[in-house]
Amino acid sequence: MVNFQKEKTLVSSFFEALDATSDSDLPDVLRQFCAQDLHWRGFHPFNEITGTRAVADRFWQPLKNSLTRMKRRQDIFFAGTNSLDPVADVWVVSMGHLMGLFDHPWLGIRPTGKMAFLRYCEFHRVSQGKIAETAMYFDIPHLMVQAGQNPFPPQTAAHLVQPGPRTHDGILTKDQPIEEGRKTLSTINAMISDLGQWNSDLPLEDELARTWHDDMIWWGPEGIGATYTIDRYAQQHSGPFRAAFAERSGTSHICRLAEGQYGGFFGWPNFTAVPTGGFMGMPATGKPGEFRVIDIYRRAGDKLAENWIFIDLLHFWRQQGVDILARTTGIEAS
């Protein structure tokens, strides 16, 4: 067993304080739990923010003002050391939805007065008893669709308010066997090796079967959607995605870790690629684009069973000359 209880308790307490705190007290909450020079990464239009006051002012206060009575509905929670830097600090990972009543506009998205769910996943690096670094990735287009402002053409897979693990065991509050985490990380690394090549000389379905269960579930971002089984994943995402891009760079991650049967990673960006075929119903531009991604995985046995994906599609399309958020809401991002 490896004990990450101190770091998990810190992050859990931070979450509880965020839920319970009024907008005006948010800067105090961030100062209590985070380093003063907190390095925060978020999807467009937030990008990189430095300092607790700036994170409170630019992200948390506007969001909590829009999603009133906001509560965290957490589906996955685990921790570990960064396998890419074994002497680094512990990272704590949380994934789920931020649920509230969509009462006021956010980023130009029209409020509905109804329940709304913002898909999120975040990685927190804990150092000297404080959160020193955060990657907070969230699916803004998914919220836009809930509000009736679909920013994209019809997607290849399904739009859903996505559930947590089928096994309902994703919140790891107890210590996990070291060997289980190692197995998960090894399986993720093998999958990355296959994914990063696109030239395994195997049919796509056979390549996927090396590291995925046949009844895999891929919970993709809005604009692409969720898909089930290797065959449908190949048809509804992996095949079309590979056909749409060329000159894919190597994979680059800032953090990659696993605990028990859960693991994941994030990059800034994870990779770049050039759209040379139609992608998401839009024509090719021939311009390189960055993919900022968080992937979270559940392993079952010796293969991966579920995968939750967060991709900054607003950032990608802005690099292609299309400001999706401004085009849909009529408000230019700063």
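Let's start with a definition: two strands count as paired if DSSP finds at least two bridges between them. Keep in mind that the structure above is a predicted model.

**Exercise 1. Work out which strand pairs with S10, and what sits in the turn of their hairpin.**

Step 1: look for bridges. Five of them join S10 to strand S11 (residues 262-266), and the two strands run antiparallel.

Step 2: pick out one facing pair. Arg256 stands opposite Phe265 in S11.

Step 3: check the turn. The hairpin of S10 and S11 has two residues between the strands, and Gly260 takes a positive phi near 60° there.

**Exercise 2. Decide which way the side chains of S10 point, and say whether the strand is enclosed or open.**

Step 1: recall the general pattern. In a regular strand the side chains alternate between the two faces of the sheet.

Step 2: sort the residues. Cys255, Leu257 and Glu259 point one way from S10, while Arg256 and Ala258 point the other way.

Step 3: apply the cut-off. Buried means under 20% relative accessible area, and the residues on both sides of S10 are all buried.

Step 4: conclude. Five of the five residues of S10 (residues 255-259) are buried, so the strand is largely enclosed by the rest of the structure.

**Exercise 3. Describe the surroundings of strand S5.**

Step 1: count what is covered. Ten of the 13 residues of S5 (residues 115-127) are buried, so this strand is largely enclosed by the rest of the structure.

Step 2: find one partner. Strand S4 (residues 90-102) pairs with S5 in the antiparallel sense over twelve bridges, and Met99 stands opposite Phe117 in S5.

Step 3: find another partner. Eight bridges join S5 to strand S6 (residues 130-138), again running antiparallel, and Arg125 stands opposite Glu133 in S6.

Step 4: look at the turn. Two residues lie between the strands in the hairpin of S5 and S6, where Gln128 takes a positive phi near 55°.

**Exercise 4. Find the edges of the open sheet with the order S9-S12-S13.**

Step 1: read the order. Three strands form this sheet, with antiparallel pairing.

Step 2: go to the ends. Strand S9 (245-246) and strand S13 (289-291) each have a single partner strand, so one side of each is left without a neighbour in the sheet.

Step 3: zoom in on one pairing. Two bridges join S9 to strand S12 (residues 271-275), and Ala246 stands opposite Val274 in S12.

**Exercise 5. Locate the cis peptide bonds before Pro45 and Pro269.**

Step 1: take Pro45. The bond from His44 to Pro45 is cis, with omega near 15°, and Pro45 lies in the loop between strand S1 (34-42) and strand S2 (47-50).

Step 2: take Pro269. The bond from Trp268 to Pro269 is cis, with omega near -5°, and you'll find Pro269 in the loop between S11 and S12.

**Exercise 6. Compare the settings of Arg69 and Leu107, two non-glycine residues with positive phi.**

Step 1: check the angles. Phi is near 55° for Arg69, and near 55° for Leu107 too.

Step 2: place them. Arg69 belongs to strand S3 (residues 67-81), whereas Leu107 sits in the loop between S4 and S5.

Step 3: judge the exposure. Exposed means over 50% relative accessible area. Arg69, at 69%, counts as exposed, but Leu107, at 22%, counts as partly exposed.

Conventions. Residues numbered from 1 in each chain as written. Predicted model: local features only at pLDDT ≥ 70, side-chain atom pairs only at ≥ 80, totals over all residues. Heavy atoms only, no water. Buried < 20%, exposed > 50% of the residue type's maximum accessible area, 1.4 Å probe, protein only. Helix = DSSP H or I, 4+ residues; strand = E, 2+ residues; numbered from the N terminus.
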